Amino acid sequence: KDKYGKLKTKSSFAPGKVVTMKEPDAQGDLTELQLSDKVWEYEDVRRFSIDEAKGVFTIAEVNYSILEGVMVFSDGKEIGLGDISQNDILSVVGVDKKILSVVVTTGHGALSLLNTELFEGSLMQLNNDRFYEVTKNMKLEIPEGTYTLTVANNGWGGSCEITVLRGETTQVDLDSIKGEGKKSGLITFAVTPFDATVYLDNEEIDISKPVK
């Protein structure tokens, strides 16, 4: 049952939930399981910090104590507090000012860039809200999800779609999206008076024929 006593499917009882159990029957079978109404649960927690040495878990600006044996889960598997990244999104369950369990609802993976030479020092864009300076064969940690990756520098550049999986590294070879580079065209000049001198990039040019 949920905390209000209404029937729920077993999928509602995921790792990290706090429950109350009735005494088993004569055969030792569990007869009733209910989500606890004695705890609070914060979902979509993004602003947090963890100080394991002091046993303090801070959500926004509020400090909570970390109970010994606190349970931490990611993808249904138990992990340690030290495995949580600042790029993760959490669901946190506690009672009073104490943390009982933490679930990583959105985890993180790694993005590794290969053949970065053409773009080093320029910005790489992920979707519309994440920007990173490209460094030599860079590797960075980002939240799991699907992104449009865009790079551009000095006439080179392009985009591709990438998917970052929790706990895995996604590699992108920038050579595959660098494009064709700088392109040139021809300019024909019609000048009045006809004997005027024309300069391009501070150099005199011959305008009697198309200029590249």
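This is a short talk on the strands, loops and charged side chains of one predicted model.

Hi everyone, and thanks for coming. Please keep in mind throughout that we are looking at a prediction.

Let me begin with a sheet. There is an open sheet of 4 strands, and reading across it the order is β12-β11-β14-β15, with antiparallel pairing. Which strands sit at the edges? They are β12, residues 130–133, and β15, residues 156–164, and each of these pairs on one side only. From one strand to the next, the twist averages 20 degrees.

If you follow β15 to its partner, you come to β14, which covers residues 145–153. Those two strands run antiparallel and are joined over 9 bridges. To get your bearings on screen, find T150, which stands opposite S159 in β15.

Now for a parallel pair. Strand β10, residues 108–114, and β16 pair in the parallel sense over 5 bridges. A handy marker here is L114, whose bridge partner in β16 is D173. Strand β16 itself, residues 169–173, has side chains that alternate. T170 and V172 point to one face and are buried, while T169, Q171 and D173 point to the other face and are not buried.

Please hold on to D173, as we need this residue again in a moment. Let's step into the loop between β10 and β11, where we find N115. How exposed is N115? With a relative accessible area of 29%, N115 is partly exposed. Leaving out residues up to four places away in sequence, N115 touches N137, D173, L174 and D175. Two of these contacts deserve a closer look. The side chain of N115 makes a polar contact of 2.8 Å with the side chain of D173, and another polar contact, of 3.4 Å, joins the side chains of N115 and D175. N115 and D175 are 60 residues apart along the chain, yet their C-alpha atoms are separated by 6.1 Å.

T116 is in that loop between β10 and β11 too. Is T116 buried or exposed? T116 is buried, because its relative accessible area is 0%. What does T116 touch? Not counting residues up to four places away in sequence, the list is V134, T135, K136, N137, M138 and L174. So N137 and L174 turn up again, having been in the contact list of N115 as well as in that of T116.

D175 also leads us on to the charges. Side chains of opposite charge can pair when their charged atoms come close. How many salt bridges does the structure hold? There are 9. One of them is between K178 and D175, with the closest N and O atoms 3.9 Å apart. Both ends are partly exposed: K178 has a relative accessible area of 25%, and D175 has 37%.

Salt bridges that share partners also build a network, which joins K1, K22 and E32. Within that network, E32 forms a salt bridge with K1, and the closest N and O atoms are 3.3 Å apart. This pair links distant parts of the chain: E32 is in the loop between β1 and β2, K1 is in the segment before β1, and they are 31 residues apart. How do the two ends compare in accessibility? E32 is buried, with a relative accessible area of 18%, whereas K1 is partly exposed at 29%.

For another example, the side chains of R46 and D44 meet in a salt bridge at 3.2 Å, N to O. D44 is partly exposed, with a relative accessible area of 47%.

I'd like to finish with D2, a residue in the segment before β1. D2 is buried yet has no salt bridge. Which side chain of opposite charge is nearest to D2? That is K8, 5.0 Å away, whereas a salt bridge here requires the nitrogen and the oxygen to be within 4 Å. D2 does have a polar neighbour, though: the backbone nitrogen of Y4 lies 2.8 Å from a polar atom of the D2 side chain. Leaving aside neighbours within four places in sequence, D2 is in contact with K8, Q34 and L35.

That's my tour. Thanks for listening, and I'm happy to go back to any of these residues on screen.

Note on methods:
Residues are numbered from 1 along each chain as its sequence is written. This is a predicted model: local features need pLDDT of at least 70, side-chain atom pairs count only at pLDDT 80 or more; totals for chains, interfaces and linings use all residues. Side-chain values use heavy atoms; hydrogens and water are left out. Two strands pair if DSSP finds at least two bridges between them. Axes are lines fitted to C-alpha atoms, for helices over the stretch in contact, and angles run from 0 to 180 degrees between N-to-C directions. Buried means under 20% relative accessible area, exposed over 50%, partly exposed in between (1.4 Å probe, protein chains only). Lys and Arg count as positive and Asp and Glu as negative; His and the chain ends are not counted. A polar contact is a pair of N or O atoms within 3.5 Å; within protein, one must be able to donate a hydrogen and the other to accept it, and residues adjacent in sequence count only if both atoms are side-chain atoms. Contact means heavy atoms within 4.5 Å.
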